[in-house]
Amino acid sequence: MTIDLLGLGSLSFVALITLYMAMKCKDLSRVLFIAFVVRILFLIINNNFKYLPDADMDGLIFEQRAWDWSQKGFFHLLDYYIGPDTYFLSFLIGIPYSLLGRSFLMAQSFSIFFGIGSVFLGWVIAKKLWGNTTAIKVAWVIALFPSLVSYSVLVMREVYITFFLLLAFYGIVNWYRLKNFKSFIWIVIGFGASTFFHGAFAIGFIIFLLIIIFESLKKTFKLLFAKRISINALIVTTFFSIILIFSVSNKINIPYIDFLKNLDEEELIININSKVRGEAAYPEWTKINSKSELIYKIPIRTIYFLFSPFPWKITKVEHTIGVLDAFLYTVLAYLIFLNRRTILKDPTLRTLLIIALFYCATFGLGVGNFGTAIRHRSKLVILLILLAAPLIPKLKFFIKKEIVKKIKKLKKA
């Protein structure tokens, strides 16, 4: 039996980082500990007993390509770097592979690291939005949410995208609180890094820019009607407008965005409908047959994206996992609906909600089966958790005092 020292060393390093974070954040220590242990258990199950959902598909392809690219050394690996791309993750993992050698466990350790990091960032953001009590609830949900745990131990893009999106959301929260340039840097880094893994996430940055420009213009016109002028509002409007123009123009290469821009109407419809395939496919009537159908079928496909598979559509035992996942999203959507007044009154929460809606509509249009939907919506679930946060029931882990007393008596006896 070969012992993967490189992988065990990487996993130990992640454990030390988790321990350090737990020591620095006493309120979060138990959550981080449970999050790490649960992910290790899932790792053991996946590697030794049964593959987790999606583990035997894209995850293996990403890792294999990383190894193929890295075998001739680091400098040869650089030939495969083309910027934002589907296989950017393979390039990233190929870097330590080219320097240290191949270790699947090491690649999985990176995923666990970003998974634990997402628990921490989710807690930080929730604390800024809702306070410490609610933030702890958010951290528990992120730590134990099934799809987040599962993708945290696979060599796939989901956990990386989630982490960097949270960096962007952290920047957005700080932008509305502080309005400083440092906040905008976090936003650029977050959305920029997530876009490297999947081009569709550039949409969040574009929507944020549009919101800021709209708010700045609104403020400028109000001041003009009052025969005043705000230099700051004009600077912000101009600055963000320039960035927006560069983002949507051909000056910046974003695969997903460029792909959509280069398709004509007929090609776009064919591409969308081609995704409706397989035993987990959406119904045939959800296919787009004309431009006018986009108006009412995007909301329908968004519902399928978030809440499928429906119980009456189950054809295999394995599909029950998808139903459980869909149920959790249904609960989150219901809690967000109940929390809508608070969200709409707060500009930060309102911005996060708008970004969430655009992401869901984008993936609703681009995804055609619930198997793929489960994977893609896991990238957005923490955003939904943050919006539903105050109404999430408190998770309690306790032992009754009577049981503790009985245990002490038994020890004395």
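Here are four short exercises, each with a worked solution, on the predicted model shown above.

**Exercise 1. Classify a residue in a surface patch**

Find leucine 41 and decide whether it counts as buried, partly exposed or exposed.

*Solution.* Start with its place in the chain: leucine 41 sits in helix α2, which covers residues 29–48. Next, take its relative accessibility, which is 47%. Buried means under 20% and exposed means over 50%, with partly exposed in between. Leucine 41 therefore counts as partly exposed. Now look at its company: Leu41 belongs to a nonpolar surface patch together with Phe33, Val37, Ile44, Ile45 and Phe49. Together, these residues have about 590 Å² of accessible area.

**Exercise 2. Check the span of a helix**

Work out what helix α10 (residues 181–197) should span, and compare this with the distance between its end C-alpha atoms.

*Solution.* Helix α10 has 17 residues. The expected span is 1.5 Å times one less than the number of residues, so α10 should span 24 Å. In the model, the end C-alpha atoms are 25 Å apart, which agrees. While you are looking at α10, try picking out its buried residues: Ser183, Phe184, Ile187, Gly190, Phe191, Ala193, Ser194, Thr195 and Phe197.

**Exercise 3. Follow a salt bridge across the sequence**

Which parts of the chain does the pair of arginine 375 and aspartate 58 tie together?

*Solution.* First, check the contact: the two side chains meet in a salt bridge, with N and O 3.9 Å apart. A salt bridge needs these atoms within 4 Å, so this pair qualifies. Then locate the partners: arginine 375 lies in helix α19 (residues 370–377) and aspartate 58 in helix α3 (residues 58–70), so the bridge ties together parts 317 residues apart in sequence. Finally, compare their surroundings: arginine 375, at 12% relative accessibility, counts as buried, whereas aspartate 58, at 27%, is partly exposed.

**Exercise 4. Build up a network**

The structure holds 7 salt bridges. Find out which residues are joined into one network by bridges that share partners.

*Solution.* Begin with glutamate 158 and lysine 379, whose closest N and O atoms are 2.8 Å apart. Glutamate 158 is in helix α9 and lysine 379 in the loop between α19 and α20, 221 residues away. Both are buried. Next comes the bridge between aspartate 325 and arginine 377, also listed at 2.8 Å. It links helix α16 to helix α19 across 52 residues, and both of its residues are buried. Now for the network: shared partners join Asp58, Glu158, Arg375 and Lys379.

How values were computed:
Residues are numbered from 1 along each chain as its sequence is written. This is a predicted model: local features need pLDDT of at least 70, side-chain atom pairs count only at pLDDT 80 or more; totals for chains, interfaces and linings use all residues. Side-chain values use heavy atoms; hydrogens and water are left out. Patches are made of residues with over 30% relative accessible area and no salt bridge: like charges are joined within 9 Å, nonpolar side chains (Val, Leu, Ile, Met, Phe, Trp, Tyr) within 5 Å. Accessible areas come from the Shrake-Rupley method with a 1.4 Å probe; for residues, only the protein chains shown count as cover. Helices (H or I, at least four residues) and strands (E, at least two) are DSSP runs, numbered from the N terminus. Buried means under 20% relative accessible area, exposed over 50%, partly exposed in between (1.4 Å probe, protein chains only).
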